[in-house]
Amino acid sequence: MMIFALNLILLLAALALCLPVCMFCLEVFLSLFPRQRPTAGAIVGEKGTLAVLIPAHNEALVLGRTLQMLMPTLPPATRVVVVADNCTDSTAEIARQHGAEAIERTNAQQRGKGFALQFGLTHLTQDPPAAVVFLDADCQVAPDTVKLLGQTALSSGRPVQGLNLCDPDPAGGPLQAVSALAFRFKNLVRMTGLSRLAGLCYLTGTGMALPWNLIGKARLDGNVVEDMQLGIDLALAGHPTLFLPEARVNSPLPQTQKAASTQRTRWEHGHLSTILTQVPRLLLLAIQHRRWNLLCLACDLAIPPLSLLVAMYTTMLLITTGVAFVTSQPAPTLLMLAVSPLFFLAIAAGWFVHCRQIIPLRTLLVAPLYMLKKLPIYGRFLWDRQRAWVRTERDLAARTPV
């Protein structure tokens, strides 16, 4: 009886793990087909002006370079508003020197990107634009990104997310390259697959746009992954986000170990917290309202970060194999083995089609070390979860072209 109960538990656990693995594989395989370029959207200017909103907390080190690249690419009459949020440096002055509006906010009790964005949106209500494009203070923006995001938001009436990448610095080392690979799988490979499967995607914080009439539906606060939560809330309200990979932004990965750990902890803990709170909610609403896109969004959200997913799968396979050897009950192991060819084929195919020109094959050899270095982050989620927004320290690392 005990053996039967043990194997039943393992079988259910293996099934629970195989479902997100299968969703991951489906998204990757759907992403492999060529994409048709979108038709031209509304002409910015005919349907109103754009505003670019940039939250900035002590960004004097990087903001000038960002604005220097951004300003020449903007459509006529576009406003650029920089929110100098709790700054103790020259962020506001640098913004004004480069032709942007700078508004300053000081509130030591409410720190975080969400609060800064809400302050900027409140400022824009004095003279509302037709659409707002959101950018980070340290990102590189392709020449047509703001125009494409604005046109698509105006013509579709939907939130729009561009392709937000963190490609590795040539001198960043193999672990940074693995981090960039995981980022590409999340924001390019899986996002493409989810968009084709359900016609929606997430918001990722930079390189995104909202029509002004949806701004009132934006709930921005101190959530450590306010962008992901905003995309979910808008989808629930009937405004799913449109994926537009032609609009590209690229943000540098941290060069120091401390900064990289800070950034990964915020992302991973925020992602895992969102899984726990939002997946049951999305599944329930998808069933109640018979909405396919919410079901797909829930299934996608249930996929853990790639390094954690691989670690969980490998661990479960070892456990079920060991138990099968002792009990002669192979069902959980067979279930795990049944999906393993698809899983590793999906990773290989996603790398080959979408990543090989940026991230060399030898990078995959250090992926196990990268996973081991991230295990403490996942462990701290259980006993020391990060709940407050913490800014990643900046550096002057070289950035790859968009």
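Look at helices α6 and α11 in this predicted model. Helix α11 covers residues 331-355, and its axis comes within 11 Å of the axis of α6. The two axes cross at roughly 85°, so α6 and α11 are roughly perpendicular to each other. Angles of 65 to 115 degrees get that label. On the α6 side of the contact you'll find L181, R184, F185, L188 and V189, and these meet A346, I347, G350, W351, H354 and C355 in α11. Sort the residues of this contact by type and you get eight nonpolar, two polar and one charged.

Helix α6 (residues 174-198) also crosses helix α1, which spans residues 2-31. Here the axes come within 7 Å and cross at roughly 85°, and α1 and α6 are therefore roughly perpendicular to each other. From α1, the residues M23, F24, L26, E27, V28, L30 and S31 take part, and they meet a set in α6 that includes F185, V189, R190 and L197. The residues of this contact split into nine nonpolar, three polar and three charged. If F185 and V189 sound familiar, that's because they are listed in α6's contact with α11 and in the contact with α1.

Now let's step back for a moment. The protein chain has twelve helices and eight strands. Of its 402 residues, 56% count as buried. Take the contacts between residues at least 6 apart in sequence: 82% of them join residues at least 24 apart.

Next comes the sheet. Eight strands form an open sheet with mixed pairing, in the order β3-β2-β1-β4-β7-β6-β8-β5. At the edges stand β3 and β5, each with a single partner strand, so one side of each is left without a neighbour in the sheet.

Let's walk through one part of that order, beginning with β4. Strand β4 (residues 131-134) runs parallel to β1, and four bridges join the two. One place to see this is A51, whose bridge partner in β4 is V132. Strand β1 (residues 50-56) also pairs with β2, again in the parallel sense, over six bridges. There, I54 stands opposite V82 in β2. Moving on, β2 is joined by five bridges to β3 (residues 101-105), and this pair is parallel as well. In that pair V81 stands opposite E101 in β3.

How does the chain get from β2 to β3? It crosses through helix α3 (residues 91-97), and this β-α-β crossover is right-handed. There is another right-handed β-α-β unit here, made of β1, helix α2 (residues 63-70) and β2.

Helices lie across the sheet, too. Helix α2 lies across β1, β2 and β5, and runs at about 165° to β1. Helix α5 (residues 145-156) lies across β1, β4, β5, β6, β7 and β8, running at about 160° to β8.

Strand β2 deserves another look. Are its residues buried or exposed? Seven of the seven residues in β2 (residues 79-85) are buried, so this strand is largely enclosed by the rest of the structure. In a regular strand the side chains alternate between the two faces of the sheet. In β2, R79, V81, V83 and D85 are buried on one side, while V80, V82 and A84 are buried on the other, so that both faces are covered.

The loops on either side of β2 hold a pair of unusual residues. Most residues other than glycine have a negative phi. In the loop between α2 and β2, A77 has a positive phi of about 70° although it is not a glycine. In the loop between β2 and α3, N86 has a positive phi of about 50°, and it isn't a glycine either. Their surroundings contrast: A77 counts as exposed at 57% relative accessibility, whereas N86 is buried, with a relative accessible area of 8%.

Finally, find L203 in the loop between α6 and β7. L203 is buried, with a relative accessible area of 1%. Who are its contacts? Leaving aside neighbours within four places in sequence, they include P159, V160, M208, L210, M228, L230 and L234. L203 and L242 are 39 residues apart in sequence, yet their C-alpha atoms lie 9.2 Å apart in space.

Conventions: Residues are numbered from 1 along each chain as its sequence is written. This is a predicted model: local features need pLDDT of at least 70, side-chain atom pairs count only at pLDDT 80 or more; totals for chains, interfaces and linings use all residues. Side-chain values use heavy atoms; hydrogens and water are left out. Buried means under 20% relative accessible area, exposed over 50%, partly exposed in between (1.4 Å probe, protein chains only). Two strands pair if DSSP finds at least two bridges between them. A crossover is right-handed if, with the strands pointing away from the viewer, the path from the first strand over the helix to the second runs clockwise. Axes are lines fitted to C-alpha atoms, for helices over the stretch in contact, and angles run from 0 to 180 degrees between N-to-C directions. Angles under 35 degrees count as roughly parallel, over 145 as roughly antiparallel, 65 to 115 as roughly perpendicular and the rest as oblique. Contact means heavy atoms within 4.5 Å. Ala, Val, Leu, Ile, Met, Phe, Trp, Tyr, Cys and Pro count as nonpolar, Asp, Glu, Lys and Arg as charged, and the others, Gly among them, as polar.
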